[in-house]
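Q: Please take a close look at one part of this model, beginning with a pair of strands, and then describe how other parts of the chain are arranged.

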Amino acid sequence: MNLTELYQKALGFHFLTLEEGVLLFKNAPLTELMFVADELRKKQVPHGKVTWQIDRNVNTTNVCIANCKFCNFYRVPGHADAYITDMPTYRKKIAETIKYGGDQLLLQGGHHPELGLDFYTNTFRQIKQEFPAIKLHALGPPEVAHITKLEKSTHREVLTELRKAGLDSLPGAGAEILVDRVRRLISKGKCGAQEWLDIMHEAHNQNITTSATMMFGHVETIEERFEHFIKIRDVQSRKPANAKGFLAFIPWTFQDVDTLLAKIRGVHNLITSEEYIRMIAMSRIMLPNIKNMQASWLTVGKQTAQICLHSGANDFGSIMIEENVVSAAGAPHRFTYKTIQNAILDAGFEPQLRNQQYEWRDIPRAIEEQVVNY
Ligand code: SF4
């Protein structure tokens with residue numbers, strides 16, 4: 001097929017093959033790719049607003065035995081800086097989250113060798129008991145896999161218990177690139193690609209809403225990025241008809257500062273703004289069965305993320321009142337509830353606050369703007 005035929009195929013919401021996607025990514029002029037992705041965005045999200053969210057990334061523990069080569073956040077068991085977040089800390093952080101207009105914790109942490117299912121269900125229950133309105137967008141497939149292994153249980157049982165304890169939705173964390181060659185090089189202590197996909201499928205079977213991510217710009221090939229797209233959309237195709245499945249796709253770039261990948265293997269993030277914009281456009285084109293595409297302003301910055309809103313993205317994600325994992329590897333960007341809306345307006349769109357289910361929220365009347373130290 002030539003480029004024009006591929007554009008027509010994409011505009012008809014047909015699944016492009018891996019080869020067709022790679023061909024478009026490598027050969028299509030940027031403006032044409034942006035046009036096609038923007039047309040798809042208008043059809044998928046006809047209200048035309050750009051959604052955003054207020055939540056806080058809180059970490060359950062920084063103890064981890066997975067040893068991902070791109071992670072500066074974790075500490076090995078017994079390390080002097082190791083911590084497990086306690087209830088007084090959650091109380092303080094949730095009170096601040098509410099003050100800043102947030103309705104959710106993105107609650108994640110390391111693969112602690114001694115924290116099993118009870119630890120997480122007790123934590124979720126206690127938070128929900130004290131703060132019933134706070135949503136828990138928590139853990140991710142690698143943590144679910146780790147808990148399943150510790151408990152010698154099944155994904156189904158672990159997800160069922162987490163849901164009963166207060167899990168509202170499952171983030172698409174730890175996907176990196178869903179190809180085991182890549183995972184062996186950068187995150188071999190984490191679950192493999194198939195287990196990540198199986199856990200998401202099980203979550204969809206239980207009608208737990210999820211998101212999907214891709215961290216690119218390290219050791220993967222272009223073809224492996226497209227293998228990732230196809231695996232994600234296949235899981236989405238298999239979700240039960242009444243389940244929402246993946247609500248969003250969020251591609252973001254590897255942050256290399258002080259990581260083992262950079263220091264030992266000399267792997268650096270060489271993704272340019274243009275390449276990121278092409279990846280956003282290709283996300284929209286390759287994943288016609290996922291409605292929301294999020295531009296990762298945290299990793300690529302405001303201006304590139306604004307252009308992404310004209311290249312298929314319709315969502316700016318959260319202002320992230322707190323974020324400790326990606327920031328620890330160099331991501332320097334910050335937004336408040338005012339500056340994120342200004343950025344969306346400047347890009348030519350109307351901002352709309354949403355929750356994790358992509359339902360619209362009003363901005364709380366009593367909201368404070370946090371102080372951001374750039
Ligand atoms: S990315 Fe997560 S799983 Fe990997 S080392 Fe860091 S905390 Fe552990």
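A: In this predicted model, arginine 56 has leucine 105 of strand β3 as its bridge partner. Arginine 56 belongs to a strand, β2, that covers residues 56-59 and runs parallel to β3, with four bridges joining the two. In general, the strands of a sheet pair through backbone hydrogen bonds, in either a parallel or an antiparallel manner.

Strand β3 spans residues 104-108, and because five of its five residues are buried, the strand is largely enclosed by the rest of the structure. Its side chains point in two directions: Gln104, Leu106 and Gln108 one way, Leu105 and Leu107 the other way, and all of them are buried. Leu105, the partner of arginine 56, is thus one of the buried residues of β3.

A further case of parallel pairing is found in an open sheet of three strands, ordered β9-β1-β10. Its edge strands, each pairing on one side only, are β9 (315-318) and β10 (351-353). Neighbouring strands in this sheet are turned against each other by 20 degrees on average, direction ignored. Strand β1, residues 50-53, runs parallel to β9 and is joined to it by two bridges. Glutamine 53 has serine 318 in β9 as its bridge partner. Helix α15 (residues 337-346) packs on this sheet and touches β1, β9 and β10, while its direction makes about 165 degrees with that of β1.

In the segment after β10 lies valine 371. Valine 371 counts as exposed because its relative accessible area is 71%, and exposure requires a value over 50%. Its C-alpha atom is separated by 9.9 Å from that of isoleucine 321, although the two residues are 50 apart along the chain.

The helices offer a further view of the interior. Helix α10 comprises 16 residues, 222-237, and reaches 23 Å from its first C-alpha to its last, close to the 22 Å expected. Its buried residues include Phe226, Phe229, Ile230 and Val235, and among them are also the polar or charged Glu224, Arg225, Arg233 and Gln236. The buried residues of α10 pack against helices α2 (18-27), α8 (180-186), α9 (193-205) and α12 (273-286), as well as strands β6 (209-216) and β7 (246-253). Helix α12 also contributes eight residues, the largest share, to the largest nonpolar core. This core has 116 residues, and those with the most contacts inside it are Trp196 and Phe316.

Glutamate 202 is located in helix α9. Its relative accessible area is 9%, and therefore glutamate 202 is buried. The side chain of glutamate 202 makes a polar contact of 3.4 Å with that of arginine 156. Leaving out residues up to four places away in sequence, glutamate 202 touches His155, Arg156 and Leu159.

His155 is also in contact with threonine 148, a residue of helix α6 (residues 141-151). Threonine 148 counts as buried because its relative accessibility is 7%. A polar atom of its side chain lies 2.6 Å from the backbone oxygen of valine 144. Beyond its neighbours within four places in sequence, threonine 148 is in contact with Ser153, Thr154 and Val158 in addition to His155.

Methods
Residues are numbered from 1 along each chain as its sequence is written. This is a predicted model: local features need pLDDT of at least 70, side-chain atom pairs count only at pLDDT 80 or more; totals for chains, interfaces and linings use all residues. Side-chain values use heavy atoms; hydrogens and water are left out. The expected span of a helix is 1.5 Å times one less than its number of residues. Buried means under 20% relative accessible area, exposed over 50%, partly exposed in between (1.4 Å probe, protein chains only). Contact means heavy atoms within 4.5 Å. A nonpolar core is a set of buried Ala, Val, Leu, Ile, Met, Phe, Trp, Tyr and Cys residues joined through side-chain atoms within 4.5 Å. A polar contact is a pair of N or O atoms within 3.5 Å; within protein, one must be able to donate a hydrogen and the other to accept it, and residues adjacent in sequence count only if both atoms are side-chain atoms. Two strands pair if DSSP finds at least two bridges between them. Axes are lines fitted to C-alpha atoms, for helices over the stretch in contact, and angles run from 0 to 180 degrees between N-to-C directions.
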